[in-house]
Amino acid sequence: MNLYYFLRHHKKSIILGPIFKLVESIFELIIPVIMANIIDFGIKNQDISYIIKMGYFIIALSLLGFISAIICQYMAARASQGIGSEIRNALYEKINSVSFYEIDKIGTASLTTRITSDVSSLQNAIAMSIRLGARIPFIVFGSLIMAYIIDKQLSIIFFIAVPVISVISFIIAAKSSRLFTISRYKLDKLSHIAKENLDGVRVIRAFSRQKGEINRFNKASEEYLSNGISALKIFSLMPPSAYVIVNSVIILIIWLGAMRINSGNLMPGKITALINYTTQILFALFLAASLLTTFTKAYASYRRIFDVLNIENEVIPENSISSYTTSNFSYPKVEFKNINFSYTDSDETQLLNINFKIMAGETLGIIGSTGSGKTTIAKLLLKFYSANQGEILLDGVNICQYDTKFLRKKIKAVPQDAVLFSGTIDENLRMGNEKISTESINKALCISQSMEFVSSMPEKIQSYIERGGKSLSGGQRQRLTIARAIAAEPEILLLDDSMSALDAGTSSKLKSSLDTLNGMTKIIISQKITDIWNANQILVLDNGKSVGLGTHKYLLKECNIYKDLYKSQLQ
């Protein structure tokens, strides 16, 4: 994918915009000639009617140029905003379709910068290229041609000055380009620190770390500032260089032109026209410098945007399973066979030779210390990552054969970090199934032990919650995320340490309610034995290895690690 993919939808604006700008430029090139004629024929001969007639002609040309410029501006705005919107949509869609490895590799702060600041930079470049891309070379070469027509000898000055300014501009732009690219990555770092601080503002204040974090942010900001100043220092050489050359051209034109006027080979009005063309070239080259700055920044943004857009999507097999079929009860509902896994670019093995199976309607508990690989099992089952070795079977079929969207309809996971979205409780609960009945929602609320506090709210299920559920307690957020998963009526309910914020009484009631979901297979990941000791099977993990598999009673006898956990928690 490249930029043309988005430009092709706006061909009309991209073509018409420069055409109208060229029309305006033609009028600008004609006006100095008319001014020269007014001086040479109207003023010299004191012909008032000629001066008035030419004055009206200049006003008419100016009005037509103004209208052409307005149309060009409209076309540029329409194309740039439309392309920017499409790129943002494509980026957001891509982010939601790539693997979690790619998201981890780039980082959420960088993705946020790319979808906002980088797209805006590219938008600005597209708008300026439509408005100025055709105008600048046309004005420069048009002024050179008009100068040649007016006086061939004096035009030699123009033909020497313009290439000199162009070469200087190219060298300066090339040297600053690398610094502008680095600047985008410095901005990523700044965004990352800002996001991290805003997300963890309560922790920072609780530990009185405000000053330290402010210093860290200031340091990153100073790096960004220093890099930006270095780039702009180089680029700031362009205007004075252009001024020196153009003013030298004007001085030469006046000096040599005066000599030619004295000799009778040139009329005074022609000198005025030549100076006007010199000024037009000056402004055109200044705009070129500005355009080069914009393009240099935009190119860095372009690469960062399309680095994301050209990431390979998750591979879906050609004959992937994407429609609901009745589960085959002769196979285990979920089976892990000799699973080995380690994150890319990591030397540590997260899971080693993991084997277990669970039949439909049963409950599997997974327990282990922090970092033992519990959540990694959940990520592999949801196909967030792919196992390095072994197979994960769902109803006897490798999950690689399932369409990802369909697989995640069958499995609903509740992470430990309860994520709710701004909107009503009802809207949050309908995320998994928009057509679910109110009765099913109420049932999910009852099972998750959420009905009591939802009913006490002024607008009950239509109560509005803030982004991330900040207006709710941790336990309330966890219960609502469990209700959301239950409301989707999945075949497999995966609870990843999602009862950690509940008090003992509420947790006990919730576990009893989950037992009423007879047809639903449940996988409960927890660090508390009381959450999983009634499960049909319990998998005990230690440093990514399976050290025990069986019932609670069996593990108390045969698994020392489970026995130690039991003693530390309950005795």
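# Close-up views of the predicted model

**View 1. Contacts of Leu29.** Apart from neighbours within four places in sequence, Leu29 is in contact with Phe138, Ile139, Gly142, Ser143, Met146, Tyr277 and Gln280, contact meaning heavy atoms within 4.5 Å. The structure is a predicted model, in which local features need pLDDT of at least 70, side-chain atom pairs count only at pLDDT 80 or more, and totals for chains, interfaces and linings use all residues. Residues are numbered from 1 along each chain as its sequence is written, and side-chain values use heavy atoms, with hydrogens and water left out. Leu29 belongs to helix H2; helices (H or I, at least four residues) and strands (E, at least two) are DSSP runs, numbered from the N terminus. With a relative accessibility of 8%, Leu29 counts as buried, where buried means under 20% relative accessible area, exposed over 50% and partly exposed in between (1.4 Å probe, protein chains only). Asn265 is 236 residues away from Leu29 along the chain, and their C-alpha atoms are separated by 23 Å.

**View 2. Packing of helix H2 against helix H6.** The axes of H2 and H6 (residues 135-150) are 10 Å apart and form an angle of about 25 degrees. Axes are lines fitted to C-alpha atoms, for helices over the stretch in contact, and angles run from 0 to 180 degrees between N-to-C directions. H2 and H6 are therefore roughly parallel to each other; this description applies to angles under 35 degrees, whereas those over 145 count as roughly antiparallel, 65 to 115 as roughly perpendicular and the rest as oblique. The crossing of H2 with H6 is right-handed, that is, the near helix is turned clockwise from the far one by less than a right angle, anticlockwise being left-handed. On the H2 side, Lys21, Leu22, Glu24, Ser25, Ile26, Glu28, Leu29 and Val33 take part, and they meet Arg135, Phe138, Ile139, Gly142, Ser143 and Met146 of H6. These contact residues comprise 7 nonpolar, 3 polar and 4 charged. Ala, Val, Leu, Ile, Met, Phe, Trp, Tyr, Cys and Pro count as nonpolar, Asp, Glu, Lys and Arg as charged, and the others, Gly among them, as polar.

**View 3. Packing of helix H2 against helix H11.** H2 (residues 11-43) and H11 (residues 268-309) pack at about 155 degrees, and their axes lie 7 Å apart. The two helices are therefore roughly antiparallel to each other. Their crossing is right-handed. H2 contributes Glu28, Leu29, Pro32, Val33, Ala36, Ile39 and Asp40 to the contact, and H11 contributes Pro268, Gly269, Lys270, Thr272, Ala273, Asn276, Tyr277 and Gln280. By class, the residues of this contact are 8 nonpolar, 4 polar and 3 charged.

**View 4. Surroundings of Ser68 in helix H3.** Ser68 is part of H3 (residues 48-95). A relative accessible area of 6% makes Ser68 buried. Beyond neighbours within four places in sequence, Ser68 is in contact with Phe20, Val23 and Glu24.

**View 5. Surroundings of Leu380 in helix H12.** Leu380 is located in H12 (residues 374-381) and, at 1% relative accessibility, counts as buried. Not counting residues up to four places away in sequence, Leu380 touches Ile339, Phe341, Leu351, Tyr385, Ser386, Ala387, Ile392 and Ile399. Between the C-alpha atoms of Leu380 and Gln537, which are 157 residues apart along the chain, the separation is 19 Å.

**View 6. Crossing of helices H15 and H17.** H15 (residues 438-447) and H17 (residues 474-487) have axes that come within 8 Å and cross at roughly 135 degrees. H15 is thereby oblique to H17. This crossing is right-handed. Ala444, Leu445 and Ile447 of H15 meet Leu480, Ala483, Ile486 and Ala487 of H17. The contact residues are 7 nonpolar, with no polar and no charged.

**View 7. Positive phi at Glu489 and Asn543.** Most residues other than glycine have a negative phi. Glu489, although not a glycine, has a positive phi of about 55 degrees, and its place is in the loop between H17 and strand S9 (492-496). Asn543, also not a glycine, has a positive phi of about 55 degrees. The loop that holds Asn543 lies between strand S11 (537-542) and strand S12 (545-550). At 57% relative accessibility, Asn543 counts as exposed.

**View 8. Cys72 and Cys400.** Cys72 is buried, at a relative accessible area of 0%, whereas Cys400 is partly exposed, at 39%. The structure holds 0 disulfides, a disulfide being a pair of cysteine sulfur atoms within 2.5 Å.
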